[in-house]
Amino acid sequence: MSRIQLKRPHQMTPAEARSVIDQIAARMREKFGMACEWQGDALRFTRPGVKGDIAIGASEILVNAELGLMLSPMKGMIEQEIQRKLDEHFA
């Protein structure tokens, strides 16, 4: 199992950050069939082959994901796409 862990600083209020993450989650549902649900300040996501969360900190966004065996070879590509989306929304 491969792990992806990323941090991205932000200067948003928690409500603003949550709104942006809700937009990202909607896209994840649409494009990848992810199941997403908020637990406190973290959005948990899952689908066969991947699970993780996007957590809102006071000054940073934390992304943790675990990739199953089938997606592990694509870790680099998946990590680059997550970084691109974080840069797009939180840079």
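**Exercise 1. Describe the surroundings of Asp53, starting from its polar contact with Arg44.**

The side chains of Asp53 and Arg44 are joined by a polar contact of 3.0 Å, where a polar contact is a pair of N or O atoms within 3.5 Å, of which, within protein, one must be able to donate a hydrogen and the other to accept it, and residues adjacent in sequence count only if both atoms are side-chain atoms. The model is predicted, so local features need pLDDT of at least 70 and side-chain atom pairs count only at pLDDT 80 or more, whereas totals for chains, interfaces and linings use all residues. Residues are numbered from 1 along each chain as its sequence is written, and side-chain values use heavy atoms, with hydrogens and water left out.

Next, place the residue: Asp53 belongs to strand β4, residues 50-56, with helices (H or I, at least four residues) and strands (E, at least two) taken as DSSP runs numbered from the N terminus. Asp53 has a relative accessible area of 15% and is therefore buried, since buried means under 20% relative accessible area, exposed over 50%, and partly exposed in between (1.4 Å probe, protein chains only).

Finally, list the neighbours: leaving aside those within four places in sequence, Asp53 is in contact with Ala42, Leu43, Arg44, Phe45, Leu62, Val63 and Asn64, contact meaning heavy atoms within 4.5 Å.

**Exercise 2. Determine whether His10 is buried or exposed, and find what its side chain reaches.**

Begin with the location, which is the loop between β1 (2-9) and α1 (14-32). The relative accessibility of His10 is 6%, so His10 counts as buried. Its side chain reaches the backbone nitrogen of Met12 at 3.0 Å. Beyond four places in sequence, His10 touches Ala17, Ile56, Gly57, Ala58, Ser59, Glu60, Ile61 and Phe90.

**Exercise 3. Work out how Leu6 and Arg29 are placed, using sequence separation and C-alpha distance.**

Leu6 sits in strand β1 and is buried, because its relative accessible area is 8%. Although Leu6 and Leu62 are 56 residues apart along the chain, their C-alpha atoms are separated by 5.8 Å. Not counting residues up to four places away in sequence, Leu6 touches Ile61, Leu62, Val63, Glu79, Ile82, Gln83 and Leu86.

Arg29, by contrast, lies in helix α1 and, at 40% relative accessibility, counts as partly exposed. From Arg29 to Thr46 there are 17 residues in sequence and 9.8 Å in space, C-alpha to C-alpha. Once neighbours within four places in sequence are set aside, Arg29 is in contact with Met34 and Cys36.

**Exercise 4. Assemble the overall picture of the protein from its elements, its dimensions and its charges.**

First, count the elements: the secondary structure comes to two helices and five strands, which run β-α-β-β-β-β-α from the N terminus on. The radius of gyration is 12 Å, close to the 12 Å that the globule rule gives for 91 residues, so the protein is as compact as a globular protein of that length; the radius is taken over C-alpha atoms, and the rule is 2.2 Å times the number of residues to the power 0.38.

Second, the C-alpha trace spans about 35 × 20 × 20 Å along its principal axes, and buried residues make up 34% of the 91 residues. Among contacts between residues at least 6 apart in sequence, 48% join residues at least 24 apart.

Third, the mean positions of the 13 positive and 12 negative charges are 5 Å apart, where Lys and Arg count as positive and Asp and Glu as negative, His and the chain ends not being counted, and each charge is placed at NZ of Lys, CZ of Arg, CG of Asp or CD of Glu.
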